[in-house]
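Please open the structure in the viewer and keep the selection panel at hand. The tour proceeds from one selection to the next and describes what is found at each stop.

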Amino acid sequence: MATLTSADLTDVTASESALRRFLHGLPGVDQVGADARAAMLGTRSIKTTAKTAALDLAIRMVDLTTLEGMDTPGKVRALCAKAMRPDPMDPSCPATAAVCVYPDMVPAAVEALGSSGVHVAAVATAFPSGRAALDIKLADTQDAVEAGAHEIDMVIDRGAFLSGRYLEVYEEIVAIKAACARSEDEPAHLKVIFETGELQTYDNVRRASWLAMLAGADFIKTSTGKIQPAATLPVTLVMMEAVRDFRALTGTQIGVKPAGGIRTAKEAIKFLVMVNEVGGPDWLDPDWFRFGASTLLNDLLMQRSKMKTGHYWGHDYVTLD
Amino acid sequence: MARADVRKTYKLYINGQFPRSESGRTFEVLDAKGGFLANASHASRKDARDAVSAARSAFPSWSARTAYNRGQIIYRVAEVLEGRRAQFEAEIIAAEGVTAAKARQYVDAAIDRLVWYAGWADKIAQVTGGANDVAGPFFNHSTPEPSGVIAVMAPQGPLFGLVSVLAPVITTGNTCVVVASEAYPLTSITLAEVLATSDVPAGVVNILTGPQAEIGPWLASHLDVHGLDLTGVTDPDLARTLEEGAADSLKRVRRPDPTEDLLATPALDRMTAFLEIKTVWHPMGI
């Protein structure tokens, strides 16, 4: 990125060809190198007080998620209760960052969370496929924003992205970003989901990251959780490099959210190590890094309790969802 | 040219696989005359944790199988063991220094014990459960159900002791983590090879080798373990420590009984120790 300057970014979104020239001019990702670096960072041993701190940080970073066709307001309320007090027996256990639900569940979540400080994130824009007309996607977004969602998780149109219609994807993100505005309140934060499992190459992940950041994303997010592979360590590493370079260039910090497939505390800690090494400690904060997960929280709680009590915890002592 | 010895590496048995100890440690196993016999894996608390997670995830499907099917599988273990008896006899002779006749007797006893429990698999419910007479228009049934993951401290000695504590636990649908005899661990890993090739699903039996005093407390206090069989614990202080560890999570504990003769025909108590009776009231006459 050394050759780029912030002046280079001014006109890149002016036309389809300028945008393509810019995205395809980004340096290619060394796939073997990225995999090897992610694997190497995953071997770090995090123990004792560092582990305790990492577990608490990871809990604070969780976007506790339920995105199923069978969701009900009752289930969302239960999830909210868990987000606010993840370990009911231990008041020192921090709350999660947010709960992540479908737009029609936002009112139930907003009501249940009240003034607890736990945010409500809603997936919008015809999640998870993103296959709908733009006005439907905008209506979906506005619906969630008006219901009080603090954060919107949108999906990009992978079909358009993979066929090289970058400007279309860009303009869609810009339009959704505008729909996140609220008249008397702060706008909802926009997270842009790439579904990296469908993007085929790390080069595409890097291009999608830059595209979303140029379009005004507040967060870039790996996956919907509906497609495998979802959030892998190397993919998240490529995205962390992109946000690091973007901040160096523009001064604007963007958050990263891996989602889907992170189930154990051990994996979560590997992500934190990677974030610290690639982005730096600035990103080790729930405002800048999140985990989209549901079962991960239980494992974090079990590990946390193991650190506190000295014996291994059991599955009978945490909730099923 | 003389052929090089092909020596066996004795490893642990966790989730249907034979991993080395996560800690990388081993300990020397000696023969009856105090000479070197083999190296065995020295299991760590993390191996115990992995074994419990394996047993925990194997439990739902193992306990949901029909009792008849579990009986068939236990019988299959006996069949495969019968086919490999020469190996077990040789290992028992090497480990204990007993005569060939004595070794054969031990293997016979182990096989017979498996067959005995295999037969009980689909009968224990009729003997310990039943239809209860109640003063009301209800069918009232009591049925025994398995407790969950059982941590078993195997008795000291090769093969037979292990079989006689292992078979009753899994026959009734529990899964288990066994800490093998510290002085005679080799036959237990060979038995694991038998279990691995006789339709016992991965994770139903997990076998750790190493010191009871080191591994035991982690299993005793583990909240995902539902029962503790202390048969092989000869040190009363250790037994007490383990019982205290188990108390926090209200585990079912079977205490060691020094007067117990394992070779005698068993009663049902080894099976009933880790069964829970569920009673169901069902309205009738409608």
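Begin by selecting B:Glu193 together with its surroundings: apart from neighbours within four places in sequence, B:Glu193 is in contact with B:Lys8, B:Phe18, B:Arg84 and B:Gln87. The model on display is a predicted one. B:Glu193 belongs to helix α7 of chain B, which spans residues 186-196. Of the partners just selected, B:Arg84 deserves a distance label, since its side chain and that of B:Glu193 make a polar contact at 2.8 Å.

**Confidence**

Before continuing, colour chain B by pLDDT. The average for chain B is 95, and 100% of its residues score at least 70. For the model, the scores are ipTM 0.83 and pTM 0.90.

**B:Arg85 and its surroundings**

Next, select B:Arg85, which lies in helix α3 of chain B (residues 85-96). Is B:Arg85 buried or exposed? Its relative accessibility is 17%, and B:Arg85 therefore counts as buried, the cut-off being under 20%. Show the side chain of B:Glu82 as well: the side chain of B:Arg85 makes a polar contact with it at 3.0 Å. Beyond four places in sequence, B:Arg85 touches B:Arg104, B:Val107, B:Asp108 and B:Ile111. For one of these, B:Asp108, a C-alpha to C-alpha label will read 8.6 Å, with 23 residues separating the pair in sequence.

**B:Gly16**

Move to B:Gly16, located in the segment that precedes β1 (26-30) of chain B. B:Gly16 is partly exposed, at a relative accessible area of 28%. When residues up to four places away in sequence are not counted, B:Gly16 touches B:Ala202 and B:Gly203. Then draw a line from B:Gly16 to B:Tyr117: their C-alpha atoms are separated by 22 Å, and the two residues are 101 residues apart along the chain.

**Salt bridges within the chains**

The following stops concern charged pairs. Side chains of opposite charge can pair when their charged atoms come close. Over all chains, a search of the whole structure finds 41 salt bridges.

Select A:Arg304 and A:Asp56, which form one of these salt bridges, with the closest N and O atoms 2.6 Å apart. A:Arg304 is in helix α12 of chain A and A:Asp56 in helix α3 (residues 48-60) of chain A, so the pair ties together parts that are 248 residues apart in sequence. The two ends are unlike in accessibility: A:Arg304 is buried, with a relative accessible area of 8%, whereas A:Asp56 is partly exposed, at 21%.

While helix α12 of chain A is displayed, add A:Ser305, which lies in this helix (residues 295-309). A:Ser305 is buried, at 6% relative accessible area. Leaving aside neighbours within four places in sequence, A:Ser305 is in contact with A:Gly310, A:His311 and A:Trp313.

Return to chain B and select B:Asp50 with B:Arg49. These residues form a salt bridge in which the closest N and O atoms are 3.4 Å apart. B:Asp50 counts as partly exposed at 32% relative accessibility, and B:Arg49 is partly exposed at 24%.

A further pair in chain B is B:Asp269 and B:Arg254, whose side chains meet in a salt bridge at 2.4 Å, N to O. This pair links distant parts of the chain, with B:Asp269 in helix α10 (residues 269-272) and B:Arg254 in strand β9 (residues 252-254), 15 residues apart. B:Asp269 is partly exposed, with a relative accessible area of 34%, while B:Arg254 is buried at 12%.

Which residues are joined into one network by salt bridges that share partners? Select A:Asp63, A:Glu151, A:Asp153, A:Lys191, A:Lys221, A:Lys257 and A:Arg290 to display that network.

**The interface of chain A and chain B**

Finally, display both chains and select the residues in contact between them: ten residues of chain A meet twelve residues of chain B. The area buried between the chains is about 1100 Å², and carbon and sulfur atoms give 47% of it. How many salt bridges does the rule find across this interface? The rule finds one, and selecting B:Arg56 and A:Asp316 will show a salt bridge whose closest N and O atoms are 3.2 Å apart. The count of residue pairs in polar contact between chain A and chain B is five, with both residues at pLDDT 80 or more. To close, colour the side of chain A that touches chain B by residue class: its residues divide into three nonpolar, four polar and three charged.

Conventions:
Residues numbered from 1 in each chain as written. Chains lettered and ligands numbered in written order. Heavy atoms only, no water. Contact = heavy atoms within 4.5 Å. Buried area = accessible area lost by both parts, 1.4 Å probe. Salt bridge = Lys/Arg side-chain N within 4 Å of Asp/Glu carboxyl O. Polar contact = N/O pair within 3.5 Å; in protein donor to acceptor, adjacent residues only side chain to side chain. Nonpolar A, V, L, I, M, F, W, Y, C, P; charged D, E, K, R; others polar. Helix = DSSP H or I, 4+ residues; strand = E, 2+ residues; numbered from the N terminus. Buried < 20%, exposed > 50% of the residue type's maximum accessible area, 1.4 Å probe, protein only. pLDDT = per-residue confidence, 0-100.
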